[in-house]
Amino acid sequence: MSAQAFTLMAARSPLLFAGLMTDERQTIALGLRRRDPDLLDQLIEQYQQRLYRYLLFLTGNPALAEDFFQETWVRILERGDQYNAKSKFESWLFAIARNLVIDASRRKKFASLEALADPETQQPFEPPDLHATSALQMLLARENQQAVQVSLLKIPVYYREVLLLRFHEELGLEEIAAVLATPISTVKSRLYRGLAALKSALQEGAA
Amino acid sequence: MNETLHQRAQRLLAESLVEGIAASDQSWLAQHLRECADCAREAAATQDALHALRSVPVSVPRDLVARTQMRVRLRAQENGESSRGSLLLWIITGASWLLGVFSAPLVWRGFAWFGGHFGVPRLALEMGFVLWWTVPALLAAVAVLYQRGFAQGFASQRLPRETKSPR
């Protein structure tokens with residue numbers, strides 16, 4: 001079924017659409033429980049862009065994002081039986097990836113990621129590791145992108161993360177709260193602050 | 001227009017993006033944006049910012065998917081072999097236990113004959129009988145624990161190199 005037909009069907013018959021989504025989740029959950037390698041191959045292929053982008057936004061470093069990408073799928077293989085199909089697969093995927101990044105940052109003390117572990121602290125924001133930032137900047141420069149996009153990296157990582165999940169991945173507030181394991185009120189406040197930070201970063205970049 | 005109206009417009013603008021607003025607020029906001037150039041500019045700036053966020057180009061490294069698929073398949077294979085090994089171990093253990101239970105009277109008869117023939121005290125015979133059953137099991141347990149510890153140590157040494165992506 002094409003994406004267009006799928007969208008059309010979702011608009012016309014939401015109940016049927018919800019049923020299909022649940023069926024898809026059940027299929028994924030069953031396959032993960034069986035550790036079906038073909039299903040995993042398919043999921044890796046399907047979510048490559050979204051997972052890699054999320055990890056790149058979190059770490060600000062392509063090499064780290066690659067490592068965490070691989071680790072996330074190994075973790076999915078090993079803990080696949082924990083996916084209960086009640087939530088979207090991508091929410092669970094992002095939550096696993098996020099936990100891996102936080103665990104690694106606690107172990108290795110990545111300066112840029114420590115804020116993720118406890119983002120609501122009153123401590124002033126520490127900018128991401130300069131090397132990591134420049135690595136991502138180089139990546140963006142290679143893609144011949146406008147300078148305005150590089151200024152996105154100036155936003156604190158925990159705001160960047162919720163902005164990405166909300167406005168790029170289009171997850172709902174509850175889903176973001178599940179990924180972040182935080183209350184919805186925290187998600188909302190981060191989104192409001194993140195929007196403000198995004199605007200001011202872009203204005204500074206344009207100036 | 002006073003400042004309060006602009007503040008309300010800013011608040012509704014943010015709320016409409018984050019959690020959604022009521023239809024009446026939506027129409028009020030649309031009306032206000034038509035009338036107020038500053039707020040309309042602010043709304044456009046917000047939309048531009050979100051557009052910039054959405055259009056950050058991220059290209060997945062060319063062979064990352066293939067490398068990940070291979071690594072996941074290898075791990076699945078390792079896990080499969082390990083669980084097959086565990087199953088075999090359980091089967092052997094169960095068979096050995098059954099054999100032990102059914103052969104115990106014969107073994108005790110053998111011990112009794114040995115004790116009678118060489119004049120070994122009954123206490124020594126009983127201790128020997130207990131050791132006959134426990135020593136092999138203890139040795140097997142030590143071997144398994146040693147093997148597991150060795151495997152974990154090996155894995156933790158390998159992990160940093162494994163996670164490093166070839167560039």
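At what angle do helix α3 of chain A and helix α9 of chain A pack? Let's start there. This is a predicted model, by the way. Helix α3 of chain A covers residues 37–59, and helix α9 of chain A covers residues 157–168. They pack at an angle of about 160°. Their axes are 8 Å apart. Angles over 145 degrees count as roughly antiparallel, and α3(A) and α9(A) are therefore roughly antiparallel to each other. The crossing of α3(A) past α9(A) is right-handed.

Who makes that contact? On the α3(A) side we have Arg53(A), Tyr54(A), Phe57(A) and Leu58(A). On the α9(A) side they meet Val157(A), Arg160(A), Glu161(A), Leu164(A), Leu165(A) and His168(A). Sort the contact by class and you get six nonpolar residues, three charged and one polar.

Keep your eye on α9(A). This helix also packs against a helix of the other chain, α3 of chain B, residues 37–54. Here the axes come within 10 Å, and they cross at roughly 95°. The range from 65 to 115 degrees counts as roughly perpendicular, so that is the label for α9(A) and α3(B). From α9(A), the contact uses Leu163(A), Leu164(A), Phe167(A) and His168(A). From α3(B), it uses Leu50(B), Leu53(B) and Arg54(B). The class split is five nonpolar, one polar and one charged. Two names come back from the α3(A) contact. Leu164(A) and His168(A) of α9(A) are listed there, and they are listed again in the contact with α3(B).

Now the whole interface. How many residues does each chain bring to the contact? Chain A brings 41 residues, and chain B brings 35. The size of an interface is often given as the accessible area lost when the parts come together. Between chain B and chain A, the buried area is about 4000 Å². Carbon and sulfur atoms give 61% of that area. Look at the share of chain B. Val18(B), Leu53(B) and Val58(B) supply 17% of the area that chain B buries against chain A. No other three residues supply more. Leu53(B) is one of the α3(B) residues that meet α9(A).

One more residue in contact with chain B. Lys199(A) is found in helix α11 of chain A, which covers residues 184–206. Is this lysine buried or exposed? Buried means under 20% relative accessible area, and Lys199(A), at 15%, therefore counts as buried. Leaving out residues up to four places away in sequence, Lys199(A) touches Glu42(B), Ala45(B), Thr46(B) and Ala49(B).

Stay on α11(A) for a moment. Val187(A) is found in helix α11 of chain A too. Its relative accessible area is 0%, so Val187(A) is buried. Which residues does Val187(A) touch, not counting those up to four places away in sequence? They are Leu173(A), Ile176(A), Ala177(A) and Thr182(A). Then there is Leu163(A), a residue of α9(A) in the contact with α3(B). Val187(A) and Leu163(A) are 24 residues apart in sequence. In space, C-alpha to C-alpha, they are 9.8 Å apart.

Next, two alanines. Ala85(A) has a positive phi of about 65° although it is not a glycine. Ala181(A) has a positive phi as well, about 55°, and is not a glycine either. Where do they lie? Ala85(A) is in the loop between α4 (62–79) and α5 (89–108) of chain A. Ala181(A) is in the loop between α10 (173–180) and α11 of chain A. Their surroundings need a separate look. Ala85(A) counts as buried, because its relative accessibility is 6%. Ala181(A) has a relative accessible area of 69%, so Ala181(A) is exposed.

Last, the two chains side by side. Chain A has 11 helices and zero strands. Chain B has five helices and zero strands. Chain A has 207 residues, and 52% of them count as buried. Chain B has 167 residues, and 23% count as buried. What about contacts across the sequence? Take contacts in chain A with a separation of 6 or more: residues 24 or more positions apart account for 62%. For chain B, among contacts between residues at least 6 apart, 46% join residues at least 24 apart.

To wrap up, go back to α9(A). This helix is roughly antiparallel to α3(A), and roughly perpendicular to α3(B).

Conventions: Residues numbered from 1 in each chain as written. Chains lettered and ligands numbered in written order. Predicted model: local features only at pLDDT ≥ 70, side-chain atom pairs only at ≥ 80, totals over all residues. Heavy atoms only, no water. Axes fitted to C-alpha atoms, helices over the stretch in contact; angles between N-to-C directions. Helix = DSSP H or I, 4+ residues; strand = E, 2+ residues; numbered from the N terminus. Parallel < 35°, antiparallel > 145°, perpendicular 65-115°, else oblique. Left-handed = near helix turned anticlockwise from the far one by under 90°. Contact = heavy atoms within 4.5 Å. Nonpolar A, V, L, I, M, F, W, Y, C, P; charged D, E, K, R; others polar. Buried < 20%, exposed > 50% of the residue type's maximum accessible area, 1.4 Å probe, protein only. Buried area = accessible area lost by both parts, 1.4 Å probe.
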